Amino acid sequence: MAFVEAPRGSYAEIREARKLCSEQKAKELLRLYVENAKAANMLKHNDYINAIQLKE
């Protein structure tokens, strides 16, 4: 959480904020992001699909 709340307006601030997040935690968060971004894990919005006239 400290990384998220740290200022990251410049490259120097980003490098400093990186020290607040362990490499293991960063890898775990990236793995979760990739897993959640998979098409199989996405929600299907039938109203939107019908609005743009796509068939399932």
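A residue counts as buried when its relative accessible area is under 20%, as exposed when that area is over 50%, and as partly exposed in between. Glu-35, with a relative accessible area of 32%, is therefore partly exposed. With that vocabulary in hand, the chain can be introduced as a whole. The structure shown is a predicted model, and the mean pLDDT of the chain is 85, with 95% of the residues reaching 70 or more. Confidence is not even along the chain: helix 1 (residues 2-5) has the lowest mean, 77, while helix 3 has the highest, 91. As a general caution, predicted coordinates should not be read in detail where pLDDT is low.

The fold is a simple one to describe. The chain holds 4 helices and 0 strands, and reading along the sequence gives the pattern α-α-α-α. The radius of gyration of the chain is 18 Å, well over the 10 Å that the globule rule gives for 56 residues, so the chain is more spread out than a compact globule. Along the principal axes, the C-alpha atoms fill a box of roughly 50 × 25 × 15 Å. Of the 56 residues, 5% count as buried. About 5,500 Å² of the chain is exposed, and carbon and sulfur atoms supply 57% of that area.

Helix 3, which spans residues 23-37, is a good place to look more closely. Ala-26 lies in this helix and counts as partly exposed because its relative accessibility is 34%. A sense of distance comes from pairing Ala-26 with Asn-36: the two are 10 residues apart in sequence, and their C-alpha atoms are 15 Å apart in space.

Tyr-33 also has its place in helix 3. The relative accessible area of Tyr-33 is 60%, so this residue is exposed. Together with Leu-30 and Val-34, Tyr-33 makes a nonpolar surface patch of about 340 Å².

Charged side chains add another part to the picture. In general, side chains of opposite charge can pair when their charged atoms come close. The count of salt bridges comes to 4, and three of the pairs are described here, beginning with Lys-27 and Glu-23. The closest N and O atoms of Lys-27 and Glu-23 are 3.2 Å apart. Both residues lie in helix 3, 4 residues apart, about one turn of the helix, and both are exposed.

Another salt bridge joins Glu-28 to Arg-31, with 2.9 Å between the closest N and O atoms. Because Glu-28 and Arg-31 are 3 residues apart in helix 3, about one helical turn separates them. Glu-28 counts as partly exposed because its relative accessibility is 33%. Arg-31, at 46%, is likewise partly exposed.

The discussion can now return to Glu-35, the residue that opened this section. Glu-35 forms a salt bridge with Lys-38, the closest N and O atoms being 3.1 Å apart. Lys-38 has a relative accessibility of 41% and so counts as partly exposed, and Glu-35, at 32%, is partly exposed as well.

Key:
Residues numbered from 1 in each chain as written. Predicted model: local features only at pLDDT ≥ 70, side-chain atom pairs only at ≥ 80, totals over all residues. Heavy atoms only, no water. Patch = residues over 30% accessible without salt bridge, like charges linked within 9 Å, V, L, I, M, F, W, Y side chains within 5 Å. Areas by Shrake-Rupley, 256 points an atom, 1.4 Å probe, with all protein chains shown as cover. Salt bridge = Lys/Arg side-chain N within 4 Å of Asp/Glu carboxyl O. Helix = DSSP H or I, 4+ residues; strand = E, 2+ residues; numbered from the N terminus. Buried < 20%, exposed > 50% of the residue type's maximum accessible area, 1.4 Å probe, protein only. pLDDT = per-residue confidence, 0-100. Rg over C-alpha atoms; globule rule 2.2 N^0.38 Å.
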